[in-house]
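Subject: Structure handover

Hello,

Here is the structure for you to take over. My notes on it follow below.

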Amino acid sequence: MGLIKISPIFVLAGLMIGGLDVLLAAPIATIVAAIVAMATEKYTFKQIMEFALDNVREIVIVFFILMFAYGLAESFMATGVGASIIIAALKMGVTAKSVAVVGFLVTCILSIATGTSWGTFAACAPVFLWLNHIVGGDIILTVCSIAGGACFGDNIGLISDTTVLSSGLQKVEIIHRIRHQGVWSALCALATAIVIYFVGVSMGLPSTIGNATEAINAIPQAAWDALAQERASAVTLLEQVKSGVPMYMIIPLIIVIGMAVKGFQTMICLGAGILSALILGFGAGTVTNLNAFLNDQIYTGFSDAGSWSIVMMMWVASFGGIMNSMHAFEPISKAFVSMAKNVRQLMTFNGLLCLFGNAAFGDETAEIVTISPIIKNITDENVEASEEDMYKLRLRNATFADAFGVYGSQLIPWHCFVLFYVAIAKAVYPLHPFVPTDIIRMNFMAFIAVGSMLILTITGWDRFVPLFGLPREPQVRLKKKGSAVKEI
């Protein structure tokens, strides 16, 4: 019976592994889940609908945040905020020894500003791969560095869809989630930058200083066409890097980050970013009139969110609600609880489940929306703790789902992230025959982030990282064998 109840998960995984987009796979799996629930639990169709809709209602706020996040990302890409970040970094002077580490730092900051790893990589790959060519750097080190950096903001960025989604599914505030993992993320980025720099120096690369304009001018027309098709806003950003934008266009990013640190609500932070980008864009000449800004940036962002992300989330939430109603994941929960000797081990199993789920689906969004409800309920129903401590555990679960989805993707050759990066890299820099393992070989950010998260959690060393430590036993403890209620 347990295998029958969990079979819709295998349907969803099989459809996605077979190449079907989650936007189609989720409705099919939801229908299968409804049939299984009606057969095993004797639910009526009306009851099934209520289970599905109740789950959707709980994450409605996430839909509004996502629309604003997408709108902010488009406005930052188009008004010059993203270009100002790249220009500021390149003014330092880039050589073969430093091109990879500069590319890494730029993509880290740009991904926070835009909330998208795909868009960040698409925007930065043409600049840094050709800049790497001009100065004589190592192409694999550079492409891995910008791939890892592009994931940084997708994991911790206030406007990242994966940050929003993973936090919403665990029912934690996005601001709290960012604070929880902020120091850990910064330390991972710092360690990665140091490793990349010393690896670049150890290769004995030349010290010729490169120029971004030369790199952009070297991009062939076929690469521009491919980039325009994959990410049109990246073309605008590159043109701004070439022509230049006032450095004050970095202010909207500072405003968003500053307000987030001060604890303002997410929607207020996003709104302030959009408004400041609009006002400063008028002064910089990147915004010509309000109607164009609303129709080209905000409308595009809202429609992009609504055309895929929000619709997908509604279906997956419905799927989760139906699966929850028939306690489908109880066998998994029991297996974890039987193996775990303490809460830390249980949380580590949650992290590993996220990583394995990401490998199975080959898609970080599918992993987040499918595995997050499982690990949330495993934790909620098998751990005894105060509400404050339970909230901290949910923060870690949200970080697991997001970090192992985003960073974990960089270690999986068949993952859609890696395949997208390979396609972009080939399109904008056809001089190297990129393959998926090229994105993995020197992706130090992914190795450091995934490895440190698991080690810190299982050992308890996370207590040495500010705001990142989990509550310790006996503050939190596993429920006695046989006393845990049904998990879902």
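Start with one buried pair: Arg396 and Asp462 are both buried. They form a salt bridge, and their closest N and O atoms are 3.3 Å apart. The bridge links distant parts of the chain. Arg396 sits in helix α20 (residues 387-409). Asp462 sits in the loop between α23 (444-459) and β2 (477-478). The two are 66 residues apart. Please keep in mind that this is a predicted model.

**Overall picture**

The chain has 23 helices and 2 strands. How does its radius of gyration compare with that of a compact globule? For 488 residues, a compact globule would come out near 23 Å; the chain has 23 Å, so the two agree. The C-alpha trace spans about 65 × 50 × 45 Å along its principal axes.

Buried residues are 58% of the 488 in the chain. Contacts between distant positions carry a heavy share: among contacts with a separation of 6 or more, 80% are between residues 24 or more positions apart. The accessible surface of the chain is about 18,400 Å². Carbon and sulfur atoms own 67% of that surface.

**Salt bridges**

Side chains of opposite charge can pair when their charged atoms come close. The search of the whole structure returned 10 salt bridges. Arg396 with Asp462 is one of them. Here are some others.

Glu41 bridges to Lys5, with the closest N and O atoms 2.8 Å apart. This pair also links distant parts of the chain. Glu41 is in helix α2 (residues 22-41), Lys5 is in helix α1 (residues 2-17), and 36 residues separate them. Are these two partners buried or exposed? Glu41 is partly exposed, because its relative accessible area is 25% and the buried class ends at 20%. Lys5 has 15%, which is under that cut-off, so Lys5 counts as buried.

Arg441 bridges to Asp438, and the closest N and O atoms are 3.0 Å apart. Asp438 has a relative accessibility of 5%, so Asp438 counts as buried. There is a network too: salt bridges with shared partners join Lys376, Asp380, Glu387 and Arg394.

**Aromatic pairs**

A pair of aromatic rings is described by the distance of the centres and the angle of the planes. The structure holds 9 aromatic pairs. One of them is Trp130 with Tyr429. It is edge-to-face, at 4.9 Å centre to centre and 70° between the planes. Which parts of the chain does this pair tie together? Trp130 lies in helix α7 (residues 117-135), and Tyr429 lies in the loop between α21 (416-428) and α22 (436-440). These places are 299 residues apart in sequence, so the pair ties together separate parts of the chain. Both Trp130 and Tyr429 are buried.

Phe400 and Phe404 make a tilted pair, with 5.5 Å between centres and 35° between planes. Both lie in helix α20, 4 residues apart, about one turn of the helix. Both are buried. Helix α20 also holds Arg396 of the salt bridge above. Elsewhere, ring pairs link Phe121, Phe417 and Tyr421 into a cluster.

**Ile48 and its contacts**

Ile48 is in helix α3 (residues 45-57). Its relative accessible area is 3%, so Ile48 is buried. What does Ile48 touch beyond its neighbours within four places in sequence? The contacts are Ala34, Ala37, Met38, Tyr43 and Ile322. Met38 is 10 residues away along the chain, and the C-alpha atoms of Ile48 and Met38 are separated by 7.7 Å.

**A nonpolar patch on the surface**

Leu187, Leu190, Ile194, Tyr197, Phe198 and Val201 make a nonpolar surface patch of about 560 Å². Take Tyr197 as an example from that patch. Its place is in helix α10 (residues 174-202). Tyr197 has a relative accessible area of 38%, so it counts as partly exposed.

That is the handover.

Best wishes

Notes
Residues numbered from 1 in each chain as written. Heavy atoms only, no water. Patch = residues over 30% accessible without salt bridge, like charges linked within 9 Å, V, L, I, M, F, W, Y side chains within 5 Å. Areas by Shrake-Rupley, 256 points an atom, 1.4 Å probe, with all protein chains shown as cover. Salt bridge = Lys/Arg side-chain N within 4 Å of Asp/Glu carboxyl O. Buried < 20%, exposed > 50% of the residue type's maximum accessible area, 1.4 Å probe, protein only. Rg over C-alpha atoms; globule rule 2.2 N^0.38 Å. Contact = heavy atoms within 4.5 Å. Phe/Tyr/Trp six-rings, centres within 6.5 Å; stacked < 30°, edge-to-face > 60°.
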